[in-house]
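Biologist: Could you take me through this model, with the definitions behind each term?

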Amino acid sequence: MAKLLYQGHGSCRIVTDAGFVVYLDPFAGEGYDLPANLIFVTHQHHDHNEVDKMPHASGCVIITEKEALIGGRYNDFVVSGVRAKAVEAYNQNHRRESSVGYILTIDGKSFYFAGDTSTTEQMQAMAALKLDWAMLPIDGIYNMGPEEAARCAALIGAKKVIPIHMKPGGLFDPEMAEKFNAPNRLILRPGEEIQL
């Protein structure tokens, strides 16, 4: 099974069974020692796009919103068995045309990485995907707050939902994490690693 390391803020790393290393929105925390095979960036705000924070393996692929969203079309990608579909991400602080989220399929598990967003139209259809995991921002300043995120979690219907991006300028906020009252939540602290 793939392993997910929550690095803090909106950053995480996934390592597949085969040792393929994927980083999502690199910026915060520790765990940038493994060379990247694949890097996803949801948008160009400074706290989501430090693609040179880690060493790059030969042939490293970097996918940003520029490749993921072209002419209003959300694109699909397959890189060494990792499947990715770009999806909507937007709110008053993040423009629809320059932000995305990703739905990944890795080692047979599906994973929604929302990026910076509030409720989107596409979330209405996500329950049909029967996602295994989702990561949702809950800061209530630049993105939706914990109450709206809990409503989104219910819409999305993933088996487990991890709150992220909960304290601008900080890796983690335990009080804010506890305010995210989705019944299927899993609170991870920076540096915690789980099997997907």
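The questions below go through the sheet, the cores, one loop residue and the cysteines.

Modeller: This is a predicted model, in which local features need pLDDT of at least 70 and side-chain atom pairs count only at pLDDT 80 or more, while totals for chains, interfaces and linings use all residues. Residues are numbered from 1 along each chain as its sequence is written, and side-chain values use heavy atoms, with hydrogens and water left out.

Biologist: Which are the edge strands of the open sheet of six strands?

Modeller: Strands here are DSSP runs of E with at least two residues, numbered from the N terminus, and two of them pair if DSSP finds at least two bridges between them. The order is β5-β4-β3-β2-β1-β14, with mixed pairing. Pairing on one side only marks the edge strands, which are β5 and β14 (193–195).

Biologist: Which residue in β2 stands opposite Leu5?

Modeller: Strands β1 (residues 3–8) and β2 (residues 11–15) run antiparallel and are joined by five bridges. Opposite Leu5, the residue in β2 is Arg13.

Biologist: Which strand gives the most to the largest nonpolar core?

Modeller: Such a core is a set of buried Ala, Val, Leu, Ile, Met, Phe, Trp, Tyr and Cys residues joined through side-chain atoms within 4.5 Å, where buried means under 20% relative accessible area, exposed over 50% and partly exposed in between, with a 1.4 Å probe and protein chains only. Of its 55 residues, Leu4, Ile14, Phe111 and Tyr112 touch the most other members. With five residues, the strand that gives the most is β10 (residues 100–106).

Biologist: Is Gln44 buried or partly exposed, and what is the length of the polar contact between its side chain and that of Asn49?

Modeller: Gln44 lies in the loop between β4 (36–40) and β5 (56–63), and is partly exposed because its relative accessible area is 36%. Its contacts (heavy atoms within 4.5 Å), leaving aside neighbours within four places in sequence, are Asn49, Thr64, Glu65 and Lys66. A polar contact is a pair of N or O atoms within 3.5 Å; within protein, one must be able to donate a hydrogen and the other to accept it, and residues adjacent in sequence count only if both atoms are side-chain atoms. Between the side chains of Gln44 and Glu65 the polar contact is 3.2 Å, and between those of Gln44 and Asn49 it is 2.9 Å.

Biologist: How many disulfides are found in the whole structure?

Modeller: A disulfide requires a pair of cysteine sulfur atoms within 2.5 Å. For Cys12, the nearest cysteine sulfur is that of Cys60, 15 Å away. The number of disulfides found in the whole structure is zero.

How values were computed:
Helices (H or I, at least four residues) and strands (E, at least two) are DSSP runs, numbered from the N terminus.
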